[in-house]
Amino acid sequence: MLLARLVVLLLLVFIVPLAARVAWWTLRDDLPGSWSTADWSSAGLLPPAAERPGALVQVYAARVGRWRGIVAHHAWIVVKEAGAPRYTRFDKVGWGSPVRTNGWPADGRWFGNAPQLVASLEGDAAARLIPRIRAAVADYPYRGFGDYRAWPGPNSNTFIAHVLRATPELEATLPPTALGKDWRPLDDWFALAPSRTGVTMSLAGYAGVTLAWVEGVEVILFGAVAGFDLRRPALKIPFWGRLGVESFV
């Protein structure tokens, strides 16, 4: 009886939102076309670097392209040292050079989808983090050709989660739709959450639980995340994202 109830609960929590998301997605008439015709230009969220002389760290996320946009976001990180003439953007992708530097505008659209700000830090606090961010980018262990797996990971969001682990002062958490953020190898199934304000358990991204002040309470099933956030009150709805205070994505 308990097992049957658990199955029903999982269906309600994960399958119903997915079905609703698919139905909503198919009714959209503004989906981008092919990769080559999608809009990758700046979304106008950042001024020219010269107009923002201080140090800056920002994390962005945007829905991915084609049918995968039903379930997932792609995340990246942007840094700018004080006085630098341009922003520097880091992405992990599954084609070409696996870790991209300035492959797209810092605040560029992703497959035509406008990005949303996930976290931001400026001034001296940002300046102190930037060397550690660059070091984390350089020592990401899954940066080689063939290391990328869209599901369950390691992927673009696994990469950003790795960087966030090196910079817990940023107090950033990726959106629940950042598929792959919870991936870790099976021999590393238990660890501190990226923010170091709690713990996380993950069976290679297929199933897991996170309990942390910054990340909130998250239940992971096949990469999808359900849960809630107490720090910034919100529900985390699988495949949809946050619903509540400061619902960035």
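Which residue in β4 does Asp-91 stand opposite? In this predicted model, the partner is Arg-100. The pairing belongs to a run of strands worth following from one side to the other. Strand β3 (residues 88-92) sits in the middle of that run: β2 pairs with β3 in the antiparallel sense over three bridges, and β3 pairs with strand β4 (residues 99-101), again antiparallel and again over three bridges. On the β2 side, Val-79 stands opposite Thr-88 of β3.

How much of β3 is buried? Five of its five residues are, so the strand is largely enclosed by the rest of the structure. In a regular strand, side chains alternate between the two faces of the sheet. In β3, Thr-88, Phe-90 and Lys-92 point one way while Arg-89 and Asp-91 point the other, and all are buried. Charged residues are thus on the buried list along with Phe-90.

Next comes the nonpolar interior. The largest nonpolar core has 26 residues, and the members that touch the most others are Val-57, Val-59, Ile-77, Ile-133, Phe-159, Ile-160 and Leu-170. Two or more residues apiece come from β1, β2 (73-80), β5 (116-122), α2 (123-138) and α3 (156-166). Helix α2 gives the largest share, with six residues. Ile-77 gives a good view of how things meet here: setting aside neighbours within four places in sequence, its contacts include Val-57 and Val-59, Thr-88, Arg-89 and Phe-90, and also Ile-133, Ile-160 and Val-163. A second core, of 18 residues, lies apart from this one and has Ala-49, Tyr-87, Val-93 and Ala-106 among its members.

Helix α3 has eight of its 11 residues buried, so it too is largely enclosed by the rest of the structure. The buried set runs from Ser-156, Asn-157, Thr-158, Phe-159, Ile-160 and Ala-161 on to Val-163 and Leu-164. Their cover includes β1, β2, β3, β4 and α2. At the N-terminal end of α3, Asn-155 acts as a cap, with a side-chain oxygen 3.0 Å from the backbone nitrogen of Asn-157.

Helix α1 (residues 2-26) is another matter. Its 25 residues should span 36 Å at 1.5 Å a residue, and the end C-alpha atoms are 36 Å apart, which agrees. The helix does bend, by about 30° at Leu-12. Phe-14, Pro-17, Arg-21 and Trp-25 are buried in α1. An α-helix has 3.6 residues a turn, so residues three or four places apart point the same way. The buried residues of α1 pack against β1 (56-63), β9 (216-221), β10 (224-229) and β11 (234-237).

Between α1 and β1 comes a loop, and Pro-53 is found there. Is Pro-53 buried or exposed? Its relative accessible area is 54%, so Pro-53 counts as exposed. Beyond residues up to four places away in sequence, Pro-53 touches Lys-80, Glu-81, Ala-82 and Gly-83. From Pro-53 to Thr-158 the separation is 105 residues in sequence and 30 Å in space, C-alpha to C-alpha.

The other strand system to look at involves β6, β7 and β8. Strand β6 (residues 190-192) is joined to β7 by three bridges, and the two run antiparallel; Ala-191 has Thr-200 as its bridge partner in β7. Five bridges join β7 to β8, also antiparallel, and Met-201 stands opposite Val-209 in β8. Both hairpins include a residue with positive phi. Arg-196 takes a value near 60° in the β6-β7 hairpin, which has five residues between the strands, and Ala-204 takes one near 55° in the β7-β8 hairpin, which has four.

Strand β7 (residues 198-202) has a buried face and another that is not: Gly-198, Thr-200 and Ser-202 point to the buried side, while Val-199 and Met-201 point to the other and are not buried. Thr-200 also meets Thr-210, their side chains joined by a polar contact of 2.8 Å. Thr-210 lies in β8 (residues 207-212) and, at 2% relative accessibility, counts as buried. Leaving out neighbours within four places in sequence, Thr-210 is in contact with residues including Asp-182, Ala-193, Val-199, Glu-215, Gly-216, Val-217, Glu-218 and Ile-220.

Methods. Residues are numbered from 1 along each chain as its sequence is written. This is a predicted model: local features need pLDDT of at least 70, side-chain atom pairs count only at pLDDT 80 or more; totals for chains, interfaces and linings use all residues. Side-chain values use heavy atoms; hydrogens and water are left out. The expected span of a helix is 1.5 Å times one less than its number of residues. The bend at a residue is the angle between axes fitted to the seven residues ending there and the seven starting there. Buried means under 20% relative accessible area, exposed over 50%, partly exposed in between (1.4 Å probe, protein chains only). Contact means heavy atoms within 4.5 Å. A nonpolar core is a set of buried Ala, Val, Leu, Ile, Met, Phe, Trp, Tyr and Cys residues joined through side-chain atoms within 4.5 Å. A polar contact is a pair of N or O atoms within 3.5 Å; within protein, one must be able to donate a hydrogen and the other to accept it, and residues adjacent in sequence count only if both atoms are side-chain atoms. Two strands pair if DSSP finds at least two bridges between them.
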